[in-house]
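Work through these short exercises with the model open. Each task comes with a stepwise solution.

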Amino acid sequence: PYTTLFRSNEFAVADLMFIVTPPLTIQTKVLPAAIVGTAYAAGLVALSGHAPYTWSLDPTTPPTAFTLDPSGVLYGSPTQSGSTTISVALTDASTPPQIATTTLILSVDAPLSITAASLPAATANSPYNTRLTATGTAPLQWLLASGQLPGSLSIAPDGTISGTPTT
């Protein structure tokens, strides 16, 4: 706070105090991705201004399947993949109140699921090549989680298993 003395030769003298408040801003620029059918929650972050803050969604473009509570937590359970635009407003406790707005993009990914139920049979000492399949949001990257593949078989990041098995 700053204290300033204002004087007038004709009328009165008064000590007045005023507070310089930094502008209210929304620090959140990127939302973590959501997954279809999975509960989602992400907190938004305010910067400067005067707490307490109140968060709200733009009532003209409410996002499907998501709610923003006044404390700044965006939550919901998305039902379809894609991206959605979420316009939010932040109001602080200044007098008069400051308002900051922003638009965020929320990516909703399809759930990851390996769709290859089994692999084609391999013959010892013969070249082998097959590709694993999965559903989810591209790009998908494959790796061997544990153990090892037989012989000289290896798995590529695109899900291709290739090589020549020896046993």
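**Exercise 1: faces of a strand**

Task: sort the side chains of S11 by face and burial.

Solution. Step 1: Ala100, Thr102, Leu104, Leu106 and Val108 point to one face and are buried (under 20% relative accessible area, 1.4 Å probe, protein chains only). Step 2: Ile99, Thr101, Thr103, Ile105, Ser107 and Asp109 point to the other face and are not buried. This is a predicted model, where local features need pLDDT of at least 70, side-chain atom pairs count only at pLDDT 80 or more, and totals for chains, interfaces and linings use all residues. Residues are numbered from 1 along each chain as its sequence is written, and side-chain values use heavy atoms, without hydrogens and water.

**Exercise 2: the sheet**

Task: place S11 among its neighbours in the sheet.

Solution. Step 1: the open sheet has four strands (DSSP E runs of at least two residues, numbered from the N terminus) in the order S4-S11-S10-S7, with mixed pairing (at least two DSSP bridges between two strands). Step 2: S4 (34-35) and S7 (54-57) are the edge strands, each pairing on one side only. Step 3: S4 runs parallel to S11 (residues 99-109), over two bridges. Ala34 partners Val108, and Ile35 partners Asp109. Step 4: S10 and S11 run antiparallel, joined by ten bridges. Thr84 stands opposite Leu106 in S11.

**Exercise 3: the pocket lining**

Task: which strand gives the most residues to the lining of the largest pocket?

Solution. Step 1: the lining includes Gly82, Ser83, Thr84 and Val108. Step 2: strand S10 (residues 82-91) gives the most, with three residues.

Technical notes
On a 1 Å grid over the protein atoms alone, a cavity is a set of points where a 1.4 Å probe fits but cannot get out, and a pocket is an open set with protein on both sides within 12 Å along at least five of seven lines; lining residues have an atom within 4 Å of a point. Buried means under 20% relative accessible area, exposed over 50%, partly exposed in between (1.4 Å probe, protein chains only).
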